[in-house]
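Colleague: I have this model open and would like a close look at a single part, a glycine in one of the strands. Please start there, then carry on to the other contacts.

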Amino acid sequence: MISKEQIYQRTNGGLDVFRLLWDDAARVIDAGDFSKSFKRRDERTGSCHLKKKQGKDGAYWVATDFGDDQTPRNCFDWVIREMHLQGFKEAVAWIVTRLNLDIDDIKPEVNKPEKIEVVPTDAPDKSVLLELRDGDQFTKHELEVFGDLVTQEVMEQLNWHPVVWVGTVKEGKCRRVYAGENYPIYARECFYKDGQGNQKSFYKIYKPLEHNKAFRFMIKGSMPGDYVHGLWELRQAYARYKEEQQRAFDSDAANEGKTLHFEKLPQAVMASGERDCANVRALGVWPIWLNSETADLSDWQEKEVMRCVDTLYNIPDTDATGIQRGTYHALRHPDIKTVWLPKWFQKYHDNRHRFRKDFKDYIDLTEQSQKEFNTLLDNALAATFWTRRVNKNDKEVYEVSSVSLLYFLGLEGFHKYRDPYSLQTQFVRVCGNVVKEVTPQDMSDFLVSWSQGQEEIPGYGDKMSAVQPIAIQNLIIDSPRCAPSALERVSRIDIDFNTFTPTKQYFAFRDCVVEVTADGIRKYDKRNSADLPVKFWEKDVIDHNFTPLPPMFEIQKKWNDVTEEFDWTIRLDDDIKCKLLGYMVNTSRLHWRKELEKPFDGLPLKDAASMRDSYRRSHLFRITSERLSEKENLEQQRCLVNKIFAMGYFCWGFKNELSNFAVLSMDWKIDEMGECNGGSGKSFFFDKALKQLLPFDSIDGKTDQKNNSFQFERVTSSTRLLLIDDAARDFSLESLFVKITGSFVVNPKGQKSYLIPFDRSPKIAITTNYVPRQFDGASDRRLLYMVSSDYYHSKGPGVADYHETRTIGDDFGGQALYGAGYAEEDWNRDFNLMMQALQFYMQNGPKGIKVQPPMDNIMLRSSRQVMADKFFEWAQDYFAPDSGHLDCLIERDAAAVDFRMKYNMKDITAQNFYKKLKAFAEYCTYIEELNPSIYCAPSKPGHIIKRRRNPDGTYGATTEWLYLKGNAVVLAKLREERERYEQNLEVIPEKPADPADKDKPF
């Protein structure tokens, strides 16, 4: 037990505790002027003072509130008062936990054997040897390790012995580990009878302060596989109790000729471990315990216990595994009463710096242990929810206990759940990590099927409920307390559906729960997932099994001094088996026509088509090619890495305000009119692929944003991906910015609108056939761009000159991905790809890295879109290479008037005209720059302001000018091409007149 002196030594006499209790106390303590007062509560002038005292526990400080009862109190008393704690023990736990003190912690450098020696021995290999201490007397410290209540008598009753040393044998040598003050060793002699009825025993050796928990226990001898600890001692205690009854009965002459009906012991307690059970015995009750927390209590073992006692209680641990096992035992053995320990003690650390969870942890903090223990037993309930009595006609009558019935339904996972954001209440059933929405009628139907032995015991699908007697089945069917309306009173439960942390993401599959971190992918089968702090809606459980696979890609980055950004490269297997990865590769082949088609230009059509198809099939999922330049290969690899980065971003529910964005998915290709035709498969990435893994919702991007306030009504706090599909040209990205970086407003029809906080709101994806009209800092911070090539395309009127129509299924033998015939191994590969993409994002995204795709074509499309067709047509003519309007000053108003007159566009403003002209300069290959800085006014960058020169040489009013600087290299090539074209023009001779045509009117 931690003493006052130890706390004072580690908290500056308690000053650190006062600093923790009251913010204003820190001001006085930091200044070191203890003559000043501080405020303990909301008051105008502080009325508390600190004073140092000397006591038997050393120097310590007291605080006195002269505005209250004026009583000086040390840090323990103030913690008890301010935090409303039970007493000194809990106050110590509060201080240790809040200040993160390691006073009594188990440490490998402290809690180690007194010595270790190796000696020769004749014992066989793997033998366990030990030496017990003469006299079997435990030291005070050894008893305290088991618990403050545990005495020498308790240890003797449970057959515990202090150990001098314990050793293991290997190759004729025994390695002896000696006990010490900080490393006590205990051995319990465990008795049993073999199949012939002979008394046998073995020793269970226990090292409670061993730093490595895996090495705490050893067995000397042979332990039966179904051994129940404490059952031997319970039988012996019951035998002694019967002897006492017999002696008392025989000593009473009035009992002559009568038969003695033996009473049983009142109760026994099943707890989870050695020290828990020692404390149970210290409180006057005989304990039993299984050899491990996951061991089962068989029916015959329960009967053996119940031969000795009237009531058997179970006290499970309060961690996830303990609750699961406690629930299982309660339902598997419905007559056992379960003691659920209170929650208040679970917030404090134990000596392994973990939160307390077991009976000893609880008893260690109680001030009136016996009273608290008795109260726990009095309030314990069994899963049996009916009572039996015999009426005056000597007939058995059964009645449903409402309290026990609701308790039983709670054990079976039935509860009320209120969504913390929408505030809507619904009935649910929690089975392990999965939560299913149910109705009161479902609960009523469950009771009937349970009584018929048709329901699984939660968490153990191979074990079914027991068939109940017909009388109980009739009771459940006929009792109004089992009707749906009565079952609406099931207990309320708070459920955290958060499936992610700042370092982890969890996914639920049919056979397991998968944990993904930056370092690895770990699979937990259903039984081993109970300890995971995560719950899933049943609809979000992926209806497939999962098996981790080796990495499918290797990504590297290298700084490029020329582009001043990272070049991303990716290595893939030559034989890509993951179909989703194959699709992503092909939608990243930006220069596929140069690779797949250009080498075959000029060949006969039939031969070219055959050779194109043959080459494509032999290079089906290749992200690089010898036929492409280094720059083009890097662009394609970057495009694929960008998709993997985006995929990983969506697979992680965690949101960081400093690096959160929406993904805007667009087409790479641009046609002559600046439009794109879609059909590239960009939506498939979201509404087919990611939809398989993530809670998903989508809305039509062509709907009227301003007049549809219910467009997000299906979004919940469980939605992880929101897709705005096929956004229109005028879709306002700015309207989403607040949803990307802030809370998300949901306005369901017929309900009150509510807010989903930022950290629980979905991540957003937008697909569109258009590009943003402008790129600026606000957009760049809130958007990750993603582009898809036109590798998948349609051939037809009004579209590009494609040789064929190619769909995603064409690359997979005509099979639709995620269709009815999609193989289980293909599902598994695709899920592995998504999780490996998540790992890639976890390794890079939190560092501020943002992998954007190649943006050249996107910027050109944006510029083309800003211009619109009429301005583009006018600018191509007005600023043609031979127009005389390049490399010279042009009065802006004169150019604008020319545009207005040609198209009768009188409403275009000077600002809009300049914006379009800037877009043209960015789009046009032979224009290097608009308004070079040497001509611009320092006060107005990007604009040329000069006075107009009149014909007579005088200067008139100030006006704005334009200067479009040509790219000399590009213009020279254009002139050469034009001259070559003109030189090669053929002179076509005039056709002689036909005399017969002279009478024709035309």
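Modeller: G167 lies in strand 5, which covers residues 160–170. Keep in mind that this is a predicted model. G167 has a relative accessible area of 1%. Buried means under 20%, so G167 counts as buried. Set aside residues up to four places away in sequence, and G167 touches S127, V128 and L129. G167 also touches C174, R175 and R176. For a distance along the chain, take Y183. G167 and Y183 are 16 residues apart in sequence, and their C-alpha atoms are separated by 15 Å.

Now a residue in a helix. N279 sits in helix 9, residues 274–282. Its relative accessible area is 0%, so N279 is buried. Leave aside the neighbours within four places in sequence. N279 is then in contact with F146, G147, L149 and V150. N279 also contacts F359, K360 and I363.

A609 gives another reading. This residue is found in helix 19, residues 605–618. Its relative accessibility is 35%. Buried ends at 20% and exposed begins over 50%, so A609 counts as partly exposed. A609 and L260 are 349 residues apart along the chain. Their C-alpha atoms are separated by 103 Å.

Next, the rings. The search of the whole structure finds 74 aromatic pairs. One of them joins Y417 and F497. The ring centres are 5.4 Å apart, and the planes make an angle of 80°. Over 60 degrees counts as edge-to-face, so that is the label for this pair. Y417 lies in strand 18, residues 414–418. F497 lies in the loop between strand 23 (492–493) and strand 24 (505–508). The pair therefore ties together parts that are 80 residues apart in sequence. Y417 and F497 are both buried.

Rings also meet charges here. R73 lies over the face of W78, at 5.1 Å from the ring centre. The charged end of R627 sits over the ring of Y615. There the distance to the ring centre is 3.9 Å.

Last, helix packing. Two packed helices are described by the angle between their axes and the distance between the axes. Take helix 8 (residues 231–250) and helix 10 (residues 299–306). They pack at an angle of about 30°, with axes 10 Å apart. Angles under 35 degrees count as roughly parallel, so helix 8 and helix 10 are roughly parallel to each other. From helix 8 come L231, L234 and R235. They meet W300, E304 and V305 in helix 10. By class, this contact has four nonpolar, no polar and two charged residues.

Helix 17 (residues 579–586) packs with helix 24 (residues 824–844). The angle is about 60°, and the axes are 7 Å apart. Helix 17 and helix 24 are therefore oblique to each other. Helix 17 contributes K579, L580, L581 and M584. Helix 24 contributes D826, D830, L833 and M834. The residues of this contact divide into five nonpolar, no polar and three charged.

Technical notes: Residues are numbered from 1 along each chain as its sequence is written. This is a predicted model: local features need pLDDT of at least 70, side-chain atom pairs count only at pLDDT 80 or more; totals for chains, interfaces and linings use all residues. Side-chain values use heavy atoms; hydrogens and water are left out. Rings of Phe, Tyr and Trp (its six-membered ring) pair if their centres lie within 6.5 Å; planes under 30 degrees apart count as stacked, over 60 as edge-to-face and the rest as tilted. Helices (H or I, at least four residues) and strands (E, at least two) are DSSP runs, numbered from the N terminus. Buried means under 20% relative accessible area, exposed over 50%, partly exposed in between (1.4 Å probe, protein chains only). A charge sits over a ring if NZ of Lys or CZ of Arg is within 6 Å of the ring centre and within 35 degrees of the ring normal. Axes are lines fitted to C-alpha atoms, for helices over the stretch in contact, and angles run from 0 to 180 degrees between N-to-C directions. Angles under 35 degrees count as roughly parallel, over 145 as roughly antiparallel, 65 to 115 as roughly perpendicular and the rest as oblique. Contact means heavy atoms within 4.5 Å. Ala, Val, Leu, Ile, Met, Phe, Trp, Tyr, Cys and Pro count as nonpolar, Asp, Glu, Lys and Arg as charged, and the others, Gly among them, as polar.
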